[in-house]
Amino acid sequence: MKKRRGGTGLKKKFLSMLLSAAMVITMLSGFTVSAADNSIEPDSSLGTNIALKATASASYSNQYGGVAPSAMNDGKYATSETSTTWNSWGTDEANYPVKTMLTWDKEYKISGMRVIWWADNAEKTATANVTFPKSCQVKYLDADGNYQLITGMTNEKGAATDEVGVEIDSSSNNGINGNNKYWNYVKFSQPITTKELQLEIERSGSGTNGVGISEWEVYGIASIGSGENVAPNATATASYTNTTIPADAAKNVNDRNLAEGNNTSWNTWSKGGDVEYPVTMDLDWGEDEYEVSSLRVMWWRSNDNGVLFPKNCGLQYYNSRSKKWVEITDLVDETGADATSVGVKFGTADKADTNADNYKLGANRYWNGVSLKTPVKTKKLRLVIDRNGEGSTGVGIGEIEVYGNKQEKGTGENVARQAVASADAENTPVTNVNNGSLATNAASSWNTWNSSTYPTYATLTWDTPYVLNGMRVMYWADNGTLAASGNVTFPKSCEVEYYDHNTGTWTPITAMKDESGADVTSVGVKYGSAETADLSNPGNYLNGNNRYWNAVTFNDSVKTTALRLKINRNGSGSNGVGIGEWEVFGEEMTAEWDEMVAAQIVGKAKVQKGETDTYTAGSLPSGLEGVTYKWEVSDESKEFMEISGSDTGKQVKVQTKKAGYGTLKLTVSRVEDGKTVTRNAQMEIKIDGVQSIDTYVTATAAGSAPILPKTVVANGITFDDPTPDYYSSTKPEFNFA
């Protein structure tokens, strides 16, 4: 990506003096001061932040400014906007201490929590506003529906405590209005099993004074068997099945029935003794994805020694991004102990035993359970089972249960805000299309008034690849006569295209569904209210009154670094089109996907003649393994520059020879699924060199000092901002190969 685009002509360069100043910290009453935020992630052994899965509520919430309890567990720091917080401004003494709750739809084993407080007034004893709290206790809801106080905790400093801390980071603006980022953390002495956690918060102020939360996180893992058993929704397949039982016997492992005899189990006895171990048992949910939090397995043994309880059992999930099976080893077993694999115990429903002979056929009723400290989202789960015996001896399963939640087939988050917007024409800034705000007046829109080139393009470009699933756009206009010869009107048509790095071309996306679910080949050009399109009355939806989203979902996701809209107008003359906001839905691609989308070159886009500069190659996404590089200079550029040294490394040295322009080319290759994938990038380099010095005539007089020039003009050199230019070929407007 071009980080900085310099202007033309001679510019003065200035040296800056480095000034130092003392920082004055004002101590306000009621403050506990911390030097800085302490945003270190808690120990992963505690589990993940399960607050994101909870429903938040409060005994009282500020009734104004869009304040809601859901802001305390939305995964985002609060800002100065009260709508990004939960706070209790506006109530009286009777409602204190105020209570906030997080409630889950299933039981979790919770090991700790942390909270960031929010305020808009630094004086804690205020009679209004929101101030930092006086104290906070944490409680959990027990199995009988009673709240129990949690004490004997350890805080973020390693000190024993019976309360949640109320410290803040006051180093910026006294910590108020979103500047506090200090986490008050408590680790419980032992995990608490519950569906609900409560904070009981006391204030220091009075009157309408309230307390506030920026963010609240809770760390834990799902209890084994808590929630819905989703194993029956999957298709079970095995690497081998005993040939004396039905060929589809694998279906017995997830049929909700505990095995009794040989034909109601799945097992791997083999008369020939030629089965390769370990064997695998897969659960496949097809196109559906589940977030798996726990599972349990009941093993099966035959009446003789033909099928024995297994030696060990590993657990894997299929990563749809990398298309690889991944080991799951960060587990907690049914006893609460840390584990790296699924247990292979047997016994009664209540207790494991050591005498395997007591649990033949259907006698074993012991569940080997594991909770995943970090739940996985997957479409496939695999058990990798090794045996104790040899020869014809096999292993068997009586039943498998998997607990998790089906994931909605969404389109992802709005990633438009991570992109850089550009356009063919700008009457108002194109950056308005993806700034996260709906346009009201002309200044807050992007529009093309007074441009005469149509169709016109608006482009979003990312500096890393994204998989894009859909988009939506809201148009802006200030004239209801669609065929006007001036002003800004709603467009005639709109198409969407993505930059295909495989072909190096812009490619239309034509297989889509619109917001109503209808098949479409282009983006809609409708306008109206937030609920309903109204194409009969364009004049009713001008100057920010249009709130209708034209949405499309791509039938096939695209992987790219750039998306653009090709927009045509209804009018003529100086008439333009406008966008109030444009959102694009998808997910950033990382090395986990194990798939190269694009290549890039990073280095100086402008150099001096005679210099040798270094350029760096990259694959996008970054961090991919097995990447090779090949550099070259285009034929027409060889009189201006040449490669010095190796042309196959990640970095290359380029020697400039003559003022002018040269093109550096790069080919990046790697093997994916047995095939060699290549991506190309190229970069135009401007080479400056002194071509002439303007003559300066001066004179001296007897007894006087010589008159010397203040400025000498060197032709052929351009000066820009002293910061070097950097370029990445992820920006398609800069000549992809």
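**Entry 1: Tyr108 and Trp104**

I opened the predicted model at Tyr108, which is buried with a relative accessible area of 4%. I then looked up Trp104, and this residue is buried too, again with a relative accessible area of 4%.

**Entry 2: the whole chain**

Before going further I stepped back to the whole protein, and I noted that its secondary structure comes to 0 helices and 45 strands. Of the 737 residues in the protein, 47% are buried. I looked up the accessible surface as well, which comes to about 34,400 Å², and carbon and sulfur atoms account for 47% of that surface. When I turned to contacts between residues at least 6 apart in sequence, I found that 74% of them join residues at least 24 apart.

**Entry 3: aromatic pairs**

How many aromatic pairs does the count come to? I wrote down 10 aromatic pairs for the model. One of them that I looked up is formed by Tyr77 and Trp183, a tilted pair with 6.3 Å from centre to centre and 45° between the planes. Tyr77 lies in the loop between strand 3 (55-58) and strand 4 (86-87), while Trp183 lies in the loop between strand 10 (168-169) and strand 11 (184-202), so this pair ties together parts that are 106 residues apart in sequence. I checked how far each partner is covered: Tyr77 counts as partly exposed, at 38% relative accessibility, whereas Trp183 is buried, with a relative accessible area of 3%.

I then returned to the residues of my opening entry, for Trp104 and Tyr108 also form a tilted aromatic pair, with their centres 5.9 Å apart and 55° between the planes. I also noted that Phe309, Phe346 and Tyr359 form one aromatic cluster.

**Entry 4: charges over rings**

Which residue lies over the face of Trp367? I found Arg296 there, at 4.1 Å from the ring centre. In a second case that I looked up, the ring of Tyr318 has the charged end of Lys380 over it, at 4.7 Å from the centre of the ring.

**Entry 5: Glu215**

Is Glu215 buried or exposed? I recorded a relative accessible area of 2% for Glu215, so this residue counts as buried, the cut-off being under 20%. Its place is in strand 12, which covers residues 212-222. Leaving aside neighbours within four places in sequence, I listed the contacts of Glu215, among them Ala71, Met72, Asn73, Asp74, Gly75 and Lys76, and also Arg114, Val115 and Ile116. Trp183, which I had already met as the partner of Tyr77, is in contact with Glu215 as well. For Asp74 I could add a detail, since its backbone nitrogen lies 3.3 Å from a polar atom of the Glu215 side chain. I also looked up Trp86, which is 129 residues from Glu215 in sequence but 8.6 Å from it in space, taken from C-alpha to C-alpha.

**Entry 6: an open sheet**

My last search was for a sheet, and I found 6 strands forming an open one in the order 14-25-16-23-19-20, with antiparallel pairing. I reminded myself that strands of a sheet pair through backbone hydrogen bonds, either parallel or antiparallel. Which strands stand at the edges of this sheet? They are strand 14 (266-267) and strand 20 (338-339), each of which pairs on one side only. Following strand 14 to its partner, I noted that 2 bridges join it to strand 25 (residues 396-406), and that the two run antiparallel. Within this pairing I located Asn267, which stands opposite Gly396 in strand 25.

Technical notes: Residues numbered from 1 in each chain as written. Predicted model: local features only at pLDDT ≥ 70, side-chain atom pairs only at ≥ 80, totals over all residues. Heavy atoms only, no water. Helix = DSSP H or I, 4+ residues; strand = E, 2+ residues; numbered from the N terminus. Buried < 20%, exposed > 50% of the residue type's maximum accessible area, 1.4 Å probe, protein only. Contact = heavy atoms within 4.5 Å. Areas by Shrake-Rupley, 256 points an atom, 1.4 Å probe, with all protein chains shown as cover. Polar contact = N/O pair within 3.5 Å; in protein donor to acceptor, adjacent residues only side chain to side chain. Phe/Tyr/Trp six-rings, centres within 6.5 Å; stacked < 30°, edge-to-face > 60°. Lys NZ or Arg CZ within 6 Å of the ring centre and 35° of its normal. Pairing = 2+ DSSP bridges.
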